[in-house]
Amino acid sequence: MLRFGILSTAKIGRELVVPAIQDAENCVVTAIASRDLAKARAMADRFSVPHAFGSYEEMLASDVIDAVYIPLPTSQHVEWTIKAADAGKHVLCEKPIALKAEEIDTLIAARDRNKVLVSEAFMVTYSPVWRKVRSLLAEGAIGKLRHVQGAFTYYNRDPGNMRNVPELGGGGLPDIGVYPTITTRFVTGKEPLRVQATTDRDPEFGTDIYSSVRADFGDFELSFYISTQLAARQVMVFHGDNGYIEVKSPFNADRYGREEVELTNQNHAQSQLFRFQDARQYKLEAEAFSRAALGQPEEVVALENSRLNQGFIDAIYRASEKDGWEAI
């Protein structure tokens, strides 16, 4: 069993990741850390976790954990990932693991010098939904892929929410823009060559709140839009010459609908619906990460993959400042 320590009492940990780890077959939460010991103790009691620490440093120095899960504000991900790796702990860090691609080079160095596993928590890559899309594309179910279309939006103007605070790494592209990019790259095995984009920022917060993106992958294009101030919507469509694949609630199925993949043929006369009931992508993520950390063969999100995805996001920001194409 891989023993996890949770670095903070953040909402995503409380509501999604800690319950998933506790329900997993090969890992368990043995410690919670917070800068407020009372908060750490309260969360530890809620999940029957034996150890609570009043500082992150104290937990990293302890021998009651083998790995850490980091759900801190984005601006702190690089700092604490390195500290955890230097403490000899494996690291599963929430996305985005960094705000610039070059920052991930320092994480790769920390991983290598400490011989630990460091992975960005893209839960979608462990979901049977996205594994099915990848297999359908690989077997030629829609013929030649020509276009991928996506959207991910929600509405949030809470000034206290870290997604609306630039100093904490807020913004739409770091928060949700990474999902159309990672999933397209994951299922196709292809990398973007160049990108065009427009991005709008909130005049009060200063964060990016809307982006419309067109990316050239050589054999196909990806177009998507994301927003933190539009009515909630999620969709991804993969369109080929012999049919198309629609992922109905591609990222947060529990909030946006059923986990379904629909394959439709060329003349729209026949469709196949693949349903994934209770896929538990966070549980699958925890189990896959734990297998890899324990030395077993497993496909996880490598830091080299994270660097490529962040390079894509960086290029979107650059393209938004100019007319025409920006190389990636």
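**Entry 1: the cysteines**

I began with C27 and asked how far its sulfur is from the closest cysteine sulfur. In this predicted model, that closest sulfur belongs to C93 and lies 17 Å away, which is too far for a bond. I then repeated the search from C93, and it led back to C27, again at 17 Å and again too far for a bond. A disulfide is a covalent bond between the sulfur atoms of two cysteines. Because the cut-off for counting one is 2.5 Å between the sulfur atoms, I wrote down a count of 0 disulfides.

I also looked up whether these two cysteines are buried or exposed. C27 has a relative accessible area of 1% and is therefore buried, and C93, at 0%, is buried as well.

**Entry 2: the parallel sheet**

Next I traced the open sheet, in which 6 strands are arranged in the order β3-β2-β1-β4-β5-β6 with parallel pairing. I wanted to know which strands stand at the edges. They are β3 (51-53) and β6 (118-121), and because each has a single partner strand, one side of each is left without a neighbour in the sheet. I noted too that neighbouring strands in this sheet are turned against each other by 25° on average, if direction is ignored.

I then followed two of the pairings more carefully. Strand β1 (residues 2-7) is joined to strand β2 (residues 27-33) by 6 bridges, and the two run parallel; within this pairing, G5 has A31 of β2 as its bridge partner. Of the 6 residues in β1, 5 are buried, so I recorded this strand as largely enclosed by the rest of the structure. Strand β5 (residues 90-94) runs parallel to β6 and is joined to it by 4 bridges, and here I found L92 opposite S119 of β6.

**Entry 3: helix α4**

I turned to helix α4 (residues 77-86) and listed its buried residues, which include H77, V78, W80, T81, A84 and A85. What covers these buried residues? I found that the cover includes the strands β1, β4 (67-70), β5 and β6, together with the helices α3 (56-60) and α5 (103-114). Following the chain past α4, I came to G88, whose phi is positive, near 85°.

**Entry 4: two helices that cross**

Two packed helices are described by the angle between their axes and the distance between the axes. I looked up both for helix α1 (residues 11-23) and helix α9 (residues 281-293), whose axes come within 8 Å and cross at roughly 60°. With that angle, α1 and α9 are therefore oblique to each other, and their crossing is right-handed. On the α1 side, the residues that meet α9 are I12, L16, V17, A20, I21 and D23, while α9 brings Y282, K283 and A286 to the contact.

**Entry 5: an antiparallel run**

I moved on to strand β7 (residues 145-155), which pairs with strand β11 (residues 229-240) in the antiparallel sense over 9 bridges. In this pairing, Q149 stands opposite V237 of β11. I then looked at β11 together with strand β12 (residues 243-247), and here 4 bridges join the two strands, which run antiparallel. V237 appears in this pairing too, opposite E246 of β12. I asked how many residues the hairpin between β11 and β12 passes through, and I found that it joins them through 2 residues.

**Entry 6: two single residues**

I chose T183, which lies in helix α7 (residues 172-188), and found its relative accessibility to be 1%, so it counts as buried. Leaving aside residues up to four places away in sequence, T183 touches V124, W130, M236 and F251. I noted that T183 and M236 are 53 residues apart along the chain, while their C-alpha atoms are separated by 9.2 Å.

Last, I looked at I328, which is found in the segment after β15 (326-327). At 38% relative accessibility, I328 counts as partly exposed. The residues that I328 touches, again without those up to four places away in sequence, are P192, L193, R194, V195, G311, F312, A315 and R318. I also looked up how I328 stands to A232: the two are 96 residues apart in sequence, and from C-alpha to C-alpha they are 29 Å apart in space.

Note on methods:
Residues numbered from 1 in each chain as written. Predicted model: local features only at pLDDT ≥ 70, side-chain atom pairs only at ≥ 80, totals over all residues. Heavy atoms only, no water. Pairing = 2+ DSSP bridges. Axes fitted to C-alpha atoms, helices over the stretch in contact; angles between N-to-C directions. Buried < 20%, exposed > 50% of the residue type's maximum accessible area, 1.4 Å probe, protein only. Parallel < 35°, antiparallel > 145°, perpendicular 65-115°, else oblique. Left-handed = near helix turned anticlockwise from the far one by under 90°. Contact = heavy atoms within 4.5 Å.
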